[in-house]
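Subject: Structure for you to look at

Dear colleague,

I am handing over the structure below, together with an account of what was found in it. Please keep it open beside this email and look up each residue as you read.

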Amino acid sequence: MALSKNRIKYIRSLELKKNRKADKVFLAEGPKLVGDLLGHFRCRFLIATSEWLSAHRHLTVEDVTEVSEEELSRASLLKTPQQVLAVFEQPDESVDVSVISRSLCLALDDVQDPGNLGTIIRLADWFGIEHIFCSPNTVDVYNPKTVQATMGGIARVKLHYTSLPELIASLEDIPVYGTFLDGENMYTQPLSAYGLIVMGNEGNGIGDEVKRLINRKLYIPNYPAERETSESLNVAIATAVVCAEFRRQAAMLQCQN
């Protein structure tokens with residue numbers, strides 16, 4: 001069956017959040033990403049080249065269309081289409097905040113860049129962080145650029161959009177960390193194996209309302225301390241540095257026990 005103009009138009013319409021939200025779907029492209037997501041999300045339909053389909057003969061997807069490279073390029077949002085494109089259904093997620101008392105979780109306060117969010121999801125996946133709580137103004141996790149940047153991490157990391165002040169206020173004695181220029185050197189502080197790590201907006205950092213509720217203020221020191229350096233780190237890079245130290249300390253404690 002040939003790829004219709006209406007289907008191409010529909011695929012390209014998913015670049016807009018309102019269309020993704022209306023249909024509760026999202027777009028993924030490329031062999032690695034689509035392959036990772038097929039076992040985790042219900043696939044609405046899939047289009048692929050004969051080469052890709054011949055290597056995946058046991059698909060459980062009902063709606064599959066074989067296309068040429070030219071047809072794929074007309075539907076794709078990527079500059080260089082990659083053999084396969086799929087539209088998946090967004091899952092229904094229930095929020096269980098008790099996971100914060102049992103495991104390490106991330107919170108994102110108005111992160112705006114799709115690439116940053118996707119990279120943070122990929123980092124969370126790498127460091128075994130399974131839940132990210134996002135402010136309502138954080139970029140949509142199903143933005144195609146975000147989905148691509150997760151490199152499949154979206155299959156294993158759950159995102160929850162909620163009011164961060166309300167969430168943090170409900171946590172009582174649970175550690176809530178944030179990075180600030182006036183915080184304590186994170187390499188000299190004991191870091192818990194559970195709780196919430198808050199990362200802020202690219203330009204403004206953590207908002208004042210959330211900042212007031214953070215009970216563990218950390219600082220990522222530059223090296224050497226007296227050297228003139230950049231004003232700040234990219235939020236995704238800062239997330240990687242912080243998560244690495246949390247996991248390093250956790251591993252050290254396991255070795256001692």
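A good place to begin is strand β6 (residues 131-134), which is joined to strand β7 (residues 158-161) by four bridges, the two strands running parallel. Please bear in mind throughout that this is a predicted model. Within this pair of strands, I132 stands opposite L159 in β7. To get from β6 to β7 the chain passes through helix α7 (residues 144-149), and the β-α-β crossover that results is right-handed.

The loop between β6 and α7 contains N143, and this residue is buried, because its relative accessible area is 16%, where buried means under 20%. The side chain of N143 also reaches the backbone nitrogen of K145, at a distance of 2.8 Å.

Further along the chain, strand β8 (residues 176-185) is paired with two other strands. Three bridges join β8 to strand β9 (residues 195-199), and these strands run parallel; here V176 stands opposite L196 in β9. Five bridges join β8 to strand β10 (residues 216-219), again in parallel, and in β10 the bridge partner of Y177 is R216.

Now to the aromatic rings, of which a search of the whole structure finds six pairs. What is the arrangement of the rings of F26 and F88? Their centres are 5.6 Å apart and their planes stand at 25°, so the pair is stacked, given that planes under 30 degrees apart count as stacked. F26 belongs to strand β1 (residues 25-29) and F88 to strand β4 (residues 84-89), so this pair ties together parts that are 62 residues apart in sequence. Are these two residues buried or exposed? F26 is buried, with a relative accessible area of 0%, and F88 likewise counts as buried at 0% relative accessibility.

Y177, already met above as the bridge partner of R216, forms an aromatic pair with F246 that is edge-to-face, with 4.8 Å from centre to centre and 85° between the planes. This pair links distant parts of the chain, since Y177 lies in strand β8 and F246 in helix α10 (residues 235-256), 69 residues apart. Y177 counts as buried at 3% relative accessibility, and F246 counts as buried at 1%.

Ring pairs also link F26, F41, F88 and Y142 into a cluster, so that the stacked pair of F26 and F88 is best looked at together with F41 and Y142.

Two further rings have a charged residue over them. R7 lies over the face of F45, at 3.8 Å from the ring centre, while K217 lies over the face of F180, at 5.1 Å from the ring centre.

Finally, there is an annotation to set beside the model. In an unreviewed UniProt entry, the annotation "domain: MRM3-like substrate binding" covers residues 6-86. Over residues 6-86 the chain is 42% helix and 21% strand, and the C-alpha atoms at the two ends are 16 Å apart.

With best wishes

How values were computed: Residues are numbered from 1 along each chain as its sequence is written. This is a predicted model: local features need pLDDT of at least 70, side-chain atom pairs count only at pLDDT 80 or more; totals for chains, interfaces and linings use all residues. Side-chain values use heavy atoms; hydrogens and water are left out. UniProt positions are given in the numbering used here, feature names are shortened, and annotations may be inferred rather than shown by experiment. Rings of Phe, Tyr and Trp (its six-membered ring) pair if their centres lie within 6.5 Å; planes under 30 degrees apart count as stacked, over 60 as edge-to-face and the rest as tilted. Buried means under 20% relative accessible area, exposed over 50%, partly exposed in between (1.4 Å probe, protein chains only). A charge sits over a ring if NZ of Lys or CZ of Arg is within 6 Å of the ring centre and within 35 degrees of the ring normal. Two strands pair if DSSP finds at least two bridges between them. A crossover is right-handed if, with the strands pointing away from the viewer, the path from the first strand over the helix to the second runs clockwise. A polar contact is a pair of N or O atoms within 3.5 Å; within protein, one must be able to donate a hydrogen and the other to accept it, and residues adjacent in sequence count only if both atoms are side-chain atoms.
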